[in-house]
Amino acid sequence: MEDYMAKKSKKIFLFDLLSPEIEKIGYECYDLEFEKKSQNWVLTIYIDKKTGVSLEDCEKVSHVVSNFLDEKDPIEPNYILDVSSPGLERKLKRKKHFKDNIGKTIDVNLFKPVNETKKICGCLVEANEDNITIECEESKLKIAYCDISKASLHFEF
């Protein structure tokens with residue numbers, strides 16, 4: 001069984017390998033996951049573009065990535081390839097994700113409480129190399145990236 005760091009390294013390796021190929025055809029590799037689900041390994045690639053992602057976009061990227069991976073053969077176990085949009089409530093995992101979403105409402109879960117809560121919803125007003133600033137009600141909270149357990153765009157149905 002792979003340990004956490006081996007999985008993390010494989011994920012970074014695959015992201016770095018596939019991002020340029022995906023960018024060549026006009027998309028951003030937003031994120032990817034490589035994990036075992038039931039009996040199968042699944043490589044899920046989340047793509048994005050300014051005008052949104054359609055089913056045809058996912059099919060196009062899937063075809064290009066599949067051919068590229070078949071040629072390079074960087075993944076040892078058999079796997080299922082899945083290409084998807086990050087969705088309306090997309091996860092914010094990289095500093096770039098936060099920087100690209102300044103001015104939007106986000107949900108943040110923290111490892112330890114701030115002002116007696118571990119869950120914050122507010123407008124992302126700043127994102128730099130070390131932390132983010134969220135405006136909640138009448139105050140601004142500065143939160144270090146290392147204190148964030150999970151973050152996503154907030155979407156009201």
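Visitor: In which order do the five strands of the open sheet stand?

Guide: In this predicted model, the order is β7-β6-β5-β4-β8, with antiparallel pairing. The twist averages 40° from one strand to the next.

Visitor: What makes β7 and β8 edge strands?

Guide: β7 (139–144) and β8 (148–153) each have a single partner strand, so one side of each lacks a neighbour in the sheet.

Visitor: How do you know that strand β4 and strand β5 pair?

Guide: Pairing takes at least two bridges. Strand β4 (residues 105–114) and strand β5 (residues 117–127) have six bridges, in the antiparallel sense, so they pass the cut-off of at least two. One of the bridge partners in β5 is Ile120, which faces Val108 as its partner.

Visitor: Why is the aromatic pair of Phe34 and Trp41 called stacked?

Guide: Ring centres must lie within 6.5 Å, and planes under 30 degrees apart count as stacked. Phe34 and Trp41 are 4.9 Å apart centre to centre, with 15° between the planes, so the pair is stacked by that rule. Phe34 and Trp41 are also both buried.

Visitor: What makes Arg90 a charge over the ring of Tyr30?

Guide: The distance cut-off is 6 Å from the ring centre. The charged end of Arg90 sits over the ring of Tyr30 at 5.1 Å from its centre, so the distance fits. Likewise, Arg94 lies over the face of Phe15, 3.7 Å from the ring centre.

Visitor: Where does pLDDT stay under 50?

Guide: That happens over residues 1–5, although the chain averages a pLDDT of 91. Where pLDDT is low, predicted coordinates should not be read in detail.

Note on methods
Residues are numbered from 1 along each chain as its sequence is written. This is a predicted model: local features need pLDDT of at least 70, side-chain atom pairs count only at pLDDT 80 or more; totals for chains, interfaces and linings use all residues. Side-chain values use heavy atoms; hydrogens and water are left out. Rings of Phe, Tyr and Trp (its six-membered ring) pair if their centres lie within 6.5 Å; planes under 30 degrees apart count as stacked, over 60 as edge-to-face and the rest as tilted. Buried means under 20% relative accessible area, exposed over 50%, partly exposed in between (1.4 Å probe, protein chains only). A charge sits over a ring if NZ of Lys or CZ of Arg is within 6 Å of the ring centre and within 35 degrees of the ring normal. pLDDT is the predictor's confidence in each residue, from 0 to 100. Contact means heavy atoms within 4.5 Å. Helices (H or I, at least four residues) and strands (E, at least two) are DSSP runs, numbered from the N terminus. Axes are lines fitted to C-alpha atoms, for helices over the stretch in contact, and angles run from 0 to 180 degrees between N-to-C directions.
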